[in-house]
Amino acid sequence: MTTLDILFGAVGLITAASAVLSVTTHHLVHAALWLVVTLGTLAGCYLILGAELVALVQLLVYVGAVVVLVLFALMLTRAPMGSSPEHSSSAVQRMAAAMIGAGTTTLFAAVLLPALGGEIRDTRPGDTQGIATQLFGSWVWPFELLSLLLLVALIAALAVSRMPTTRNSSSERESA
Amino acid sequence: MIHLWLPLLLVCVLTGAGAYGVMARRNAVLVLVGVELILNAANLLFVTMGSVLDDTLRTGHVLTLFLITIAAAEMGVALAVILALFRDRGHIDLSEPGS
């Protein structure tokens, strides 16, 4: 066991536990808050693996923006504050989902662990300058396309949220 | 020096938890939480491979940055759809048929 192993084991254990909690808790808001813990500790995992830039972007975008979006969505859809088991499906479906989830884990482990699991590797020290050179050199066209994608997504979100719904239009017809 | 089975095992657990979340939840926002977990498992696999493989293009780290951005865009559109659904139906329970 190396130092990095012990560090990653500790942080990864928190990540895995909070990920499982975020999909099993009955409190809607707690699910979003456990997601914060999962994404934050995952940033710690990236840091241990030597990817500081990715860790910081993860904190900025996921913990800062995506989770706020989730919390806003929960508030705007009038999520109940207390425990609400009716937001999970029936026990039979949950059992089936648990089996499929465990099956997915086993399948991934069966593929990934024998292929690469036995190796001990050096992680490369975080090389932000190298990543930046590649990002704005070799990867510059995908990068620019990504900004276009963000613009399209923003306009699409605006268009979808302003779209007249059937309920509104039918009530307008009734009132008219 | 790090044993590679640790991050790979975390990838497997995150994927399984996300798949469970997608299938076991009825609230649309909670289904999205499961999708986010699966995307983050993919991110962790990218970062792990990018950190240990000797690659001059830094593919693992750069693709992770791209994936984080795409996931943010996806989240924005998905939440707009969920809000439109809520205005239309009055609930976002995915197990009930639409009106």
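**Exercise 1.** At roughly what angle do the axes of helix H4 (residues 91–117) of chain A and helix H1 (residues 5–24) of chain B cross?

*Solution.* The structure is a predicted model, and each step below is read from its atoms. In this model the two axes come within 8 Å and cross at roughly 160°. Angles over 145 degrees count as roughly antiparallel, so H4(A) is roughly antiparallel to H1(B). The hand of the crossing completes the geometry, and for H4(A) and H1(B) it is right-handed. Turning to the chemistry, the residues of this contact divide into 20 nonpolar, 7 polar and 1 charged.

**Exercise 2.** Work out how H3(A) and H3(B) are oriented towards one another, and name residues through which they meet.

*Solution.* Begin with the angle: helix H3 (residues 52–76) of chain A and H3(B) pack at about 5°, with their axes 10 Å apart. Since angles under 35 degrees count as roughly parallel, H3(A) is roughly parallel to H3(B). Next, list the residues in contact: H3(A) contributes, among them, A:Leu53, A:Val57, A:Val61, A:Leu69 and A:Leu76, while those from H3(B) include B:His61, B:Leu65, B:Ile68, B:Met75 and B:Leu83. Sorted by class, the contact has 17 nonpolar, 4 polar and no charged residues.

**Exercise 3.** Describe the side of chain B that touches chain A, and find which element gives the largest share of it.

*Solution.* Taken as a whole, the contact draws 65 residues from chain B and 81 residues from chain A. On the side of chain B, the elements that give two or more residues are strand S1 (2–3), H1, helix H2 (28–52) and helix H3 (59–89). The largest share, 22 residues, comes from H3(B). By class, this side of chain B has 44 nonpolar, 15 polar and 6 charged residues.

**Exercise 4.** Determine in which sense the strands S1 of the two chains pair, and identify the bridge partner of A:Arg121.

*Solution.* Strand S1 (residues 120–121) of chain A pairs with S1(B) in the antiparallel sense, over 2 bridges. Within S1(B), the residue that partners A:Arg121 is B:Ile2.

**Exercise 5.** Locate B:Arg58, state its phi, and decide whether B:Arg58 is buried or exposed.

*Solution.* B:Arg58 sits in the loop between H2 and H3 of chain B. Its phi is near 55°, a positive value in a residue other than glycine. For comparison, most residues other than glycine have a negative phi. For the last step, count the surroundings: 24 other C-beta atoms lie within 10 Å of B:Arg58, and B:Arg58 is therefore buried, the cut-off being 20 or more.

Note on methods
Residues numbered from 1 in each chain as written. Chains lettered and ligands numbered in written order. Predicted model: local features only at pLDDT ≥ 70, side-chain atom pairs only at ≥ 80, totals over all residues. Axes fitted to C-alpha atoms, helices over the stretch in contact; angles between N-to-C directions. Helix = DSSP H or I, 4+ residues; strand = E, 2+ residues; numbered from the N terminus. Parallel < 35°, antiparallel > 145°, perpendicular 65-115°, else oblique. Left-handed = near helix turned anticlockwise from the far one by under 90°. Nonpolar A, V, L, I, M, F, W, Y, C, P; charged D, E, K, R; others polar. Contact = placed C-beta atoms within 7 Å. Pairing = 2+ DSSP bridges. Buried ≥ 20, exposed ≤ 12 C-beta atoms within 10 Å, placed from the backbone.
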